Amino acid sequence: MTDLSAIIADIVAEMADAPERGKVADYIPPLATVDPMKFGIAVIEADGTCHLAGDADEPFSIQSVAKVFGLTLALGSVGDQVWKRVGREPSGTAFNSIVQLETERGIPRNPFINAGAIVIADILLGRRQPSEAIAETLRFVRALAGEDGIYIDDGVAADEQRTGFRNKALANYMRAFDNIVHDVDQVLGVYFHQCALAMSCRQLALTGRYLMSGGRNPETGHSIVSANRARRINALMMTCGHYDGSGEFAFRVGLPGKSGVGGGILAVAPGKASIAVWSPGLNERGNSQLGTLALERLVQRTGWSVF
Ligand code: DON
């Protein structure tokens with residue numbers, strides 16, 4: 001029998017000695033000042049058994065991992081209408097790239113690059129005030145995790161706003177193609193606050209449970225999304241969840257996964273486990289260096305790759 005707790009304890013010990021830890025995101029002070037030695041992992045099995053190791057209880061900025069929850073909410077709100085405004089193909093470009101938008105008439109390749117997530121924020125804003133859309137996102141992730149400790153770091157949101165010139169360019173460019181329909185600043189307010197969600201690996205793995213269990217919260221049995229939709233969100237995570245590093249992540253790890261520049265990755269082993277890792281150092285594609293390595297070792301030792 002696989003002793004998961006022993007496996008993840010071993011992985012934490014191995015990561016503590018790793019020579020190459022990547023480079024911590026430095027575009028805003030709250031990310032730049034995070035200790036690069038931090039490493040946490042949480043694995044929640046389908047039966048609810050929870051394995052934690054390292055800094056698994058320390059909150060971090062989940063950044064683009066939140067794009068998964070934004071997409072889930074937008075699909076719940078407008079269903080497949082989402083796909084009229086956002087594609088489902090990997091971009092092969094950096095997460096904040098603008099180039100494809102010109103020839104593709106303001107339709108982002110997928111919901112997990114910045115441009116796609118900004119369109120999703122426009123959908124979530126709807127006819128509401130930004131504060132209501134932001135509050136809904138926070139309520140949603142707290143409900144998924146089944147606890148209230150998750151929060152939005154207002155300092156991170158303010159810094160995103162202050163430095164987010166590329167995101168402002170993306171939003172305005174898409175506005176010119178009528179693929180952003182609300183006030184650009186309000187849409188970005190929703191997007192920046194979503195990026196500023198903070199939670200621990202344990203809370204992130206709890207939040208992602210519906211994706212391992214056919215769209216249901218395995219603890220309560222409540223349906224979050226249909227099984228079909230969960231399967232499709234997982235497919236997008238596999239093909240697009242690591243930007244221009246998605247092929248490499250599929251090759252090495254072979255699980256649906258979504259990364260963020262805070263160094264977090266949510267990975268899903270369908271039917272088996274919801275997994276969150278956090279190591280702040282990033283590789284050249286903006287994905288967690290050791291988070292990816294840790295997941296690679298986890299699937300090697302558990303056989304959880306979907307391939
Ligand atoms: O919007 C941005 O550019 C930042 N908040 C970073 C988002 C992110 O995590 C992209 N990821 N790898």
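These legends describe close-up views of a predicted model.

**View 1. The two domains of the chain.** The domain assignment splits the chain into domain 1 (4–58 + 199–218 + 237–302) and domain 2 (64–197). Domain 1 is listed as three segments, domain 2 as one. Taken over C-alpha atoms, their centres are 22 Å apart. Domain 1 puts 24 residues into the contact, and domain 2 puts in 27 residues.

**View 2. The side of domain 1 that touches domain 2.** Five elements give two or more residues each to this side. The helices are helix 2 (29–32), helix 11 (201–207) and helix 13 (227–240). The strands are strand 7 (257–259) and strand 8 (264–269). Helix 11 gives the most, with four residues. By class, this side of domain 1 has 13 nonpolar, nine polar and two charged residues.

**View 3. The shell around the ligand.** Where does the ligand lie relative to domain 1 and domain 2? It lies between them, because both domains give residues to the shell around it. Around the ligand are Gln 63, Ser 64, Phe 95, Asn 96, Asn 114, Glu 160, Asn 167, Cys 195, Ser 259, Gly 260, Val 261 and Gly 286. By class, the shell has eight polar, three nonpolar and one charged residues.

**View 4. Positions from the UniProt record.** An unreviewed UniProt entry lists Ser 64, Asn 114, Glu 160, Asn 167, Tyr 191, Tyr 243 and Val 261 under "binding site". Among the residues that surround the ligand in the model are Ser 64, Asn 114, Glu 160, Asn 167 and Val 261. Two of the listed positions, Ser 64 and Tyr 243, are taken up in the next views.

**View 5. Ser 64 and its contacts.** Ser 64 sits in the loop between strand 4 (60–61) and helix 3 (66–78). Is Ser 64 buried or exposed? Ser 64 counts as buried because 26 other C-beta atoms lie within 10 Å, and the cut-off for buried is 20 or more. Leaving out residues up to four places away in sequence, Ser 64 touches Phe 95, Cys 195, Lys 258, Ser 259, Gly 260 and Val 261. The ligand shell also includes Phe 95, Cys 195, Ser 259, Gly 260 and Val 261.

**View 6. Tyr 243 and its contacts.** Tyr 243 is in the loop between helix 13 and helix 14 (246–252). Tyr 243 is buried, with 24 other C-beta atoms within 10 Å. Beyond residues up to four places away in sequence, Tyr 243 touches Ser 91, Ala 94, Phe 95, Ile 113, Arg 285 and Gly 286. Phe 95 and Gly 286 are also among the residues that surround the ligand.

Methods:
Residues are numbered from 1 along each chain as its sequence is written. This is a predicted model: local features need pLDDT of at least 70, side-chain atom pairs count only at pLDDT 80 or more; totals for chains, interfaces and linings use all residues. A residue is near a molecule or strand if its C-beta atom, placed from the backbone, lies within 6 Å of it. Ala, Val, Leu, Ile, Met, Phe, Trp, Tyr, Cys and Pro count as nonpolar, Asp, Glu, Lys and Arg as charged, and the others, Gly among them, as polar. Domain bounds come from an automatic or database domain assignment. Two residues are in contact if their C-beta atoms, placed from the backbone, lie within 7 Å. UniProt positions are given in the numbering used here, feature names are shortened, and annotations may be inferred rather than shown by experiment. A residue is buried if 20 or more other C-beta atoms lie within 10 Å of its own, exposed if 12 or fewer, and partly exposed in between; C-beta atoms are placed from the backbone.
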